[in-house]
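Work through the exercises below with the structure open beside you. Try each task before reading its solution.

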Amino acid sequence: MSYVGPDFDPPQSRRSALRRPLAVALAAVTVGAVAGWGVWQAVGDSGGGDAGPDSAAVPQTRSATTPPPSGEPAASGDGREASPSGSSSAPAATGPLKGKVVVIDPGHNPGNFRHTTEINRKVDIGTGSKECDTTGTATNDGYPEAKFTLDVSRRLRTLLEQQGATVEFTQDGDRDWGPCIDERARIGNEAKADAVVSIHADGSGAGNRGFHMILPGSVNDGAADTRPIVAPSRELGERIAGNFVRATGSAPSNYVGDGTGLVTRKDLGGLNLSTVPKVFIECGNMRDSKDAALLTSGAWRQKAAEGISDGITGFLQN
Ligand code: ZN
């Protein structure tokens, strides 16, 4: 589904020690340009000016990190049997993420299109109401976003479990539709997740390319209070973005986020209702033929999962 909403917010000032406005340049994220562990330093101009794609790049090398897993065989994302929704995985006995809980939210559900009545039901997202869920988009050749999200999520689960994390899904292709966006948030909350990532691919116009992270804006309305999670979610999103660039070679979106790959929104129930650090990632644009060629490649999806996993690992070890 397209998340390009009318209330798109430009990147906000970062709370970090970096006081001066910085921006990530597209040049910094060309393939191979970011060596090692780049931490996304996308800092909007606090004065409201937008950071353009030609601004200075500031990839920051992390210290005291565990090297990313390399040379590991591709996860058998497509072959793994579905486990009951909400069930926890069997984490590795050891690993840097031992004791950490990660909830992965595969966007949409392959069965949603057969359950339009159910998914069109409105649910409370604090700032208002919104449809329970949506069908998601697809490539022009018919590869559904909901299949993409499940595949990347399963690959991601394998990688995180290898790091010792306990991984929980909001759905694993094991239910006819949904869950609704409020339940998706609740699953992360009730798991007391250390991090939640919602996996998506966008459905924008041809020529619109690249990935972007969606970060929760500050909302305090009704059932929604994101104020405690805004800062850690941004940190999570920046780390995933930097590692996603490195792992996939993909550039940040050329159509939202002013070249930063970071977009803040207040209209997504899955973010508004979260009480734990949470981000969405739109891995690419399914409606663009060049992005679609990547999104439909199992090898690329593995790289995408590795980038997301490395970002989560960096966030949880920080
Ligand atoms: Zn989506």
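The exercises below deal with a predicted model.

**Exercise 1. Take stock of the fold**

Task: State how many helices and strands the protein has, what share of its residues is buried, and what share of the contacts joins residues at least 24 apart.

Solution:
- Step 1. Count the secondary structure. The protein has seven helices and 12 strands.
- Step 2. Turn to burial. Of the 318 residues, 56% are buried.
- Step 3. Check the sequence range of the contacts. Take those between residues at least 6 apart in sequence; 83% of them join residues at least 24 apart.

**Exercise 2. Describe the zinc site**

Task: Find which residues coordinate the zinc ion. Then work out where each sits and whether it is buried or exposed.

Solution:
- Step 1. List the donors. They are NE2 of His108, OE of Glu145 and ND1 of His200, at 2.0 to 2.1 Å from the zinc ion.
- Step 2. Write the spacing along the chain. The pattern is H-x36-E-x54-H.
- Step 3. Place Glu145 and His200. Glu145 belongs to helix α2 (residues 145–162) and His200 to strand β7 (residues 195–202), so this pair ties together parts 55 residues apart in sequence.
- Step 4. Place His108. This residue lies in the loop between β3 (101–106) and α1 (116–120).
- Step 5. Apply the burial cut-off, under 20% relative accessible area. Glu145 has 0% relative accessibility, so it is buried. His108, at 1%, is buried. His200, at 3%, is buried as well.

**Exercise 3. Pick out unusual backbone geometry**

Task: Which residues have a positive phi although they are not glycine, and where is a cis peptide bond?

Solution:
- Step 1. Recall the background. Most residues other than glycine have a negative phi, and most peptide bonds are trans.
- Step 2. Look at His108. Its phi is positive, about 65 degrees. His108 is also a ligand of the zinc ion.
- Step 3. Look at Lys192. Its phi is about 50 degrees, again positive. Lys192 sits in the loop between α3 and β7.
- Step 4. Set the two accessibilities side by side. Lys192 is exposed, with 64% relative accessible area. His108 is buried, at 1%.
- Step 5. Find the cis bond. Gly178 and Pro179 are joined by a cis peptide bond, with omega about 10 degrees. Pro179 is in the loop between β6 (166–169) and α3 (181–190).

**Exercise 4. Analyse the packing of α2 on α7**

Task: Give the angle and axis distance for α2 and α7, classify the angle, and break down the contact.

Solution:
- Step 1. Start from the two descriptors. Packed helices are described by the angle between their axes and the distance between the axes.
- Step 2. Read off the values. α2 and α7 (residues 298–317) pack at about 50 degrees, with axes 8 Å apart.
- Step 3. Classify the angle. It makes α2 oblique to α7.
- Step 4. Give the handedness. The crossing of α2 and α7 is right-handed.
- Step 5. Name contact residues. On α2 they include Phe148, Val152, Leu156 and Leu159; on α7 they include Trp300, Ala305, Ile308 and Ile312.
- Step 6. Sort the contact by residue type. The α2–α7 contact has nine nonpolar, four polar and four charged residues.

**Exercise 5. Repeat the analysis for α4 and α7**

Task: How do the axes of α4 and α7 cross, and what does Pro232 touch?

Solution:
- Step 1. Read off the geometry. The axes of α4 and α7 come within 7 Å and cross at roughly 140 degrees.
- Step 2. Give the handedness. This crossing is right-handed.
- Step 3. Name contact residues. Among them are Pro232, Leu236, Ile240 and Phe244 of α4, and Ala304, Ile308, Gly311 and Phe315 of α7.
- Step 4. Sort the contact by residue type. The α4–α7 contact has 10 nonpolar, five polar and six charged residues.
- Step 5. Focus on Pro232. This residue lies in α4 (residues 230–248). Pro232 is partly exposed, at 24% relative accessibility.
- Step 6. List its contacts. Leaving aside residues up to four places away in sequence, Pro232 touches Pro277 and Phe315.
- Step 7. Add a distance. The C-alpha atoms of Pro232 and Val279 are 9.8 Å apart, and the two residues are 47 apart in sequence.

Key. Residues are numbered from 1 along each chain as its sequence is written. This is a predicted model: local features need pLDDT of at least 70, side-chain atom pairs count only at pLDDT 80 or more; totals for chains, interfaces and linings use all residues. Side-chain values use heavy atoms; hydrogens and water are left out. Donors are N, O and S atoms within 2.8 Å of the metal (3.2 Å for Na, K and Ca); water is not among the atoms, so sites may look incomplete. Helices (H or I, at least four residues) and strands (E, at least two) are DSSP runs, numbered from the N terminus. Buried means under 20% relative accessible area, exposed over 50%, partly exposed in between (1.4 Å probe, protein chains only). Axes are lines fitted to C-alpha atoms, for helices over the stretch in contact, and angles run from 0 to 180 degrees between N-to-C directions. Angles under 35 degrees count as roughly parallel, over 145 as roughly antiparallel, 65 to 115 as roughly perpendicular and the rest as oblique. A crossing is left-handed if the near helix is turned anticlockwise from the far one by less than a right angle, and right-handed if clockwise. Contact means heavy atoms within 4.5 Å. Ala, Val, Leu, Ile, Met, Phe, Trp, Tyr, Cys and Pro count as nonpolar, Asp, Glu, Lys and Arg as charged, and the others, Gly among them, as polar.
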